[in-house]
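Q: Could you take me on a close look at a single part of this protein, the sheet and the strands in the middle of the story? I would like to know what each strand pairs with and what surrounds it.

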Amino acid sequence: MNEIGRTVLINSDLLKRGLLTRDSYSHKGDYGHLLLLCGNESMPGAAVLATGAALKSGCGLVTLHSTPRALLAAVTVCPSAILSENAGSCITMVPTDLSKYSAIGIGPGIGREPATQNAVHRLLEQANEARIPMLIDADALNILSLHKDWLNEIPSGSVMTPHDGELRRLTDWNGVDARELAAKELCERTGCVVVMKGFGSQVLTPTGVKYTNTTGNAGLAKGGSGDVLSGLLSGLMARGYDAATASAMAVWIHGYAADCLTSKCTAEAYNSNDLINSIFKGFSRLYSI
């Protein structure tokens with residue numbers, strides 16, 4: 001997508017222009033390997049949701065690095081995932097070899113323990129050195145708000161997905177009118193694509209393009225919806241989409257899945273796991289002729 005200087009609506013016609021395809025003579029190694037650092041002993045569900053969504057993104061391999069309880073929960077629901085164990089109650093270490101990964105997703109459910117903060121810093125340094133793009137969400141954003149000098153260490157081609165509270169902590173903005181300006185400044189400072197989550201989610205790029213989503217509804221205002229988006233978006237990055245395209249595609253598919261569920265069972269009665277199981281509907285729409 002190349003729409004510099006414009007405000008662009010995210011719809012199926014836009015996304016179909018840049019869809020990647022699959023070669024019949026290919027294998028899982030051709031479609032990217034995602035590393036997820038999500039969850040801890042008290043929040044294993046975040047790891048399960050992010051991993052489940054990532055496995056629906058089209059990428060070839062997904063590795064979940066997390067604590068024992070989160071891995072036990074994940075293996076029962078997501079048997080296709082590769083597991084990397086971090087002993088203890090929270091994430092305190094980074095996998096030793098990052099070279100095998102094409103993208104990294106971090107944040108959902110990791111908490112803000114001092115040892116986890118140190119692990120986030122090490123990951124930023126190593127991913128930056130290895131030039132691996134990252135999806136940064138949830139507690140990883142909150143950790144960055146405590147160490148704003150670390151913003152300079154985010155790898156090129158990365159994505160940040162703050163909701164309003166996280167954006168406020170990262171930028172110290174005050175007032176509704178300052179929200180988009182704060183996101184633009186964050187985008188310019190870090191070189192990241194910034195996804196402002198909410199109704200009509202907006203995707204801001206360092207080149208000055210603003211994409212506005214056209215799918216989604218209030219049924220997404222439930223715990224776990226953001227974890228699903230993180231897994232899907234980081235999986236699309238691992239699959240080979242650039243940061244802006246992956247972000248636009250993820251928010252549209254995420255919202256489209258929610259719209260399909262709302263038409264079937266109302267906005268009240270579906271949950272984040274239902275959302276994962278409806279991701280395929282967005283892909284079906286995009287890949288239809």
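**A walk through the sheet**

A: Happily! Five bridges join β2 to strand β3 (residues 61–66), and these two strands run parallel. Please keep in mind that this is a predicted model. One pair to find on your screen is His33 and its bridge partner in β3, Leu61. To get from β2 to β3, the chain passes through helix α2 (residues 44–54), and this β-α-β crossover is right-handed.

Let us stay with β2 for a moment. Its five residues, 33–37, are a good place to ask about burial. Five of the five count as buried, so β2 is largely enclosed by the rest of the structure. Both of its faces are covered: His33, Leu35 and Leu37 lie on one side, with Leu34 and Leu36 on the other.

Now for the other neighbour of β2. Strand β2 also pairs with β5, again in the parallel sense, this time over four bridges. Here Leu34 stands opposite Ala103, and Leu35 has Ile104 as its bridge partner. Strand β5 covers residues 103–106, and its side chains split between two directions: Ala103 and Gly105 point one way, Ile104 and Ile106 the other. All four of these residues are buried.

Moving on from β5, the next partner is strand β6 (residues 134–136), which pairs with β5 in the parallel sense over three bridges. Ile104 turns up again in this pairing, with Met134 as its bridge partner in β6. The chain crosses from β5 through α4 to β6, and this β-α-β crossover is right-handed.

With those pairings in hand, the whole sheet is easier to read. It is an open sheet of 10 strands in the order β1-β10-β9-β8-β7-β6-β5-β2-β3-β4, and the pairing is mixed. Its edge strands are β1 (7–10) and β4, each of which pairs on one side only. As a general reminder, strands of a sheet pair through backbone hydrogen bonds, either parallel or antiparallel.

The edge strand β4 (residues 82–85) contains Ser84. Is Ser84 buried or exposed? Because buried means under 20% relative accessible area, Ser84 counts as buried at 18%. The side chain of Ser84 also makes a polar contact of 2.7 Å with the side chain of His65, a residue that falls within β3, residues 61–66.

Two of the strand residues you have already met also border an internal space. Leu37 and Ile106 are among the residues that line the largest cavity, together with Ile91, Ile110, Thr116, Ala119, Val120 and Leu123. The volume of this cavity is about 40 Å³, and the count of cavities of 30 Å³ or more comes to one. Helix α4 (residues 114–130), the helix of the second crossover, gives the most to the lining, with four residues. By class, seven of the lining residues are nonpolar and one is polar, while none is charged.

For a contrast, turn to the largest pocket, where about 520 Å³ of space lies. Its lining has 25 residues, and Lys197, Gly198, Leu220, Ser225 and Gly226 lie nearest its centre. Helices α8 (225–239) and α9 (243–265) each supply at least two residues of that lining, and α8 has the largest share, with four. By class, the lining of this pocket has seven nonpolar, 13 polar and five charged residues.

Methods:
Residues numbered from 1 in each chain as written. Predicted model: local features only at pLDDT ≥ 70, side-chain atom pairs only at ≥ 80, totals over all residues. Heavy atoms only, no water. 1 Å grid on protein atoms, 1.4 Å probe; cavity = no way out; pocket = protein on both sides within 12 Å on 5 of 7 lines; lining within 4 Å. Points joined across faces, edges and corners; volume = space filled by probe spheres on them. Nonpolar A, V, L, I, M, F, W, Y, C, P; charged D, E, K, R; others polar. Buried < 20%, exposed > 50% of the residue type's maximum accessible area, 1.4 Å probe, protein only. Pairing = 2+ DSSP bridges. Right-handed = clockwise from strand over helix to strand, strands pointing away. Polar contact = N/O pair within 3.5 Å; in protein donor to acceptor, adjacent residues only side chain to side chain.
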